[in-house]
Each structure stands twice: as C-alpha cells, then as structure tokens.
Amino acid sequence: METMYDKLGDLLSQTLAEGKVKFVKVEKTQAAENSDSDIADERKKLDDDLKRAEQNARKRRSAFRKSAQKKNHSSATVIKSVDPEIQRAMRLLDISEGASRDEITRAYKKKLMYFHPDRYASNPVLEKVATKKTEQIIEAYKLILGRI
C-alpha cells in the first residue's frame, strides 16, 4: 500500500523529469550575508551560555556529593542485617538504622501531621488515602518501638 508520501515523491520526480519546475539559483545579498554572521554570533553566544550552565551544574553536583559524603561520614552508622519488615517501616518514617528514640518519635509526629486525614477533609479521595497512610505510619512506629 502506497502512502501519501510515496505518491508525493513520485509526483515530484515526474515533475522534475518533465522539466516543469526550473531551478533558480538565488544570489546572496549583503543583508543575507549579515544575517548569516548574526546567526553565527548568536550560535556562539548560545554555545558559551550552554558551556557555562554545564560548568555550574557540575560544580553544584560536586558540592552536593561532598556535602553528602560529609553527612555520611559524620553520622557513622553500622549497617547490619535488619528484618525487611523493619526496613520498610524505617523507610516509611524516613529514619536511618542508627536513629535514636527521639529521632524516631520526631519522624513519626512529622509524618502524622503531613498525612493526617483532617488535613484533606475537603477531598474524600485524598482523605481516604491519608487515613490508610496514617494507619501504616502508626503500625510502623509501633513495630519499630517494639524492636528497640
């Protein structure tokens, strides 16, 4: 099955072969030459801006990595095998394995405030989701405190 583009290509080839379309070479004017140089200048500026943006992004990534390394080294936590259920609960509360009881309680309260169903009372769907999430947070908190 021939597509529209195949038919168009055949029609163009036939028209060119019959000589119905003449090719005319257009001479460049002074304005066209100036616009070419303007385009080249603009392209150079854009390339320079892109290089500067890439360098800034590299610097920010490097600074972020360094700060992350400092954080990891300063809070030396011992990685040990933990029950997958406890790991899920810790991820839910956004706490690390070496977290103290106070840090666990703070994380628990923060999550409860964020997912409290009363906060989403105007939207019944979000209220239902928040209720389920609150139940999960309470279970995770109880599980973690039970294992400490």
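A salt bridge here is a side-chain nitrogen of Lys or Arg within 4 Å of a carboxyl oxygen of Asp or Glu. By that rule this predicted model holds four salt bridges. The tour visits three stops of this kind, then a charged patch.

**Start with the whole chain**

Show the protein chain as a cartoon. Five helices and zero strands appear. Along the sequence the pattern reads α-α-α-α-α.

Switch to the surface. The accessible area of the protein chain is about 12,900 Å². Carbon and sulfur atoms own 55% of that area. Of the 148 residues, 16% count as buried.

Now turn to contacts. Take those between residues at least 6 apart in sequence: 45% of them join residues at least 24 apart.

**Select Asp48 and Lys44**

Both residues sit in helix H2. Their side chains meet in a salt bridge, 3.6 Å from N to O. The two are four residues apart, which means a separation of about one helical turn. Asp48 is partly exposed, at 26% relative accessible area. Lys44 is exposed, with 52%.

**Select Arg52 and Asp49**

Stay in helix H2, which holds Arg52 and Asp49 as well. This pair forms a salt bridge with an N to O distance of 2.8 Å. The spacing is three residues, about one turn of the helix. How exposed is Arg52? Arg52 is partly exposed, with a relative accessible area of 47%. Asp49 is also partly exposed, at 38%.

**Select Arg147 and Asp83**

Next comes a salt bridge between the side chains of Arg147 and Asp83, at 3.5 Å, N to O. Arg147 lies in helix H5 (residues 124–147), while Asp83 lies in the loop between H2 and helix H3 (84–93), so the pair ties together parts that are 64 residues apart in sequence. Color H5 and that loop to view the link. Asp83 is partly exposed, with a relative accessible area of 33%.

**Select Arg58, Arg60, Arg61 and Arg65**

Which residues form a positive surface patch? They are Arg58, Arg60, Arg61 and Arg65. Show their side chains on the surface. A residue joins a patch on two conditions: over 30% relative accessible area and no salt bridge. These four arginines are therefore free of salt bridges by the rule used here. Arg65 places you back in helix H2, residues 30–74.

**Last view**

Keep helix H2 selected. Lys44 and Asp48 are paired there. Arg52 and Asp49 are in H2 too. Arg65 of the positive patch also belongs to H2.

Definitions and conventions: Residues are numbered from 1 along each chain as its sequence is written. This is a predicted model: local features need pLDDT of at least 70, side-chain atom pairs count only at pLDDT 80 or more; totals for chains, interfaces and linings use all residues. Side-chain values use heavy atoms; hydrogens and water are left out. Patches are made of residues with over 30% relative accessible area and no salt bridge: like charges are joined within 9 Å, nonpolar side chains (Val, Leu, Ile, Met, Phe, Trp, Tyr) within 5 Å. Accessible areas come from the Shrake-Rupley method with a 1.4 Å probe; for residues, only the protein chains shown count as cover. Lys and Arg count as positive and Asp and Glu as negative; His and the chain ends are not counted. The place of a charge is taken as NZ of Lys, CZ of Arg, CG of Asp or CD of Glu. Buried means under 20% relative accessible area, exposed over 50%, partly exposed in between (1.4 Å probe, protein chains only). Contact means heavy atoms within 4.5 Å.
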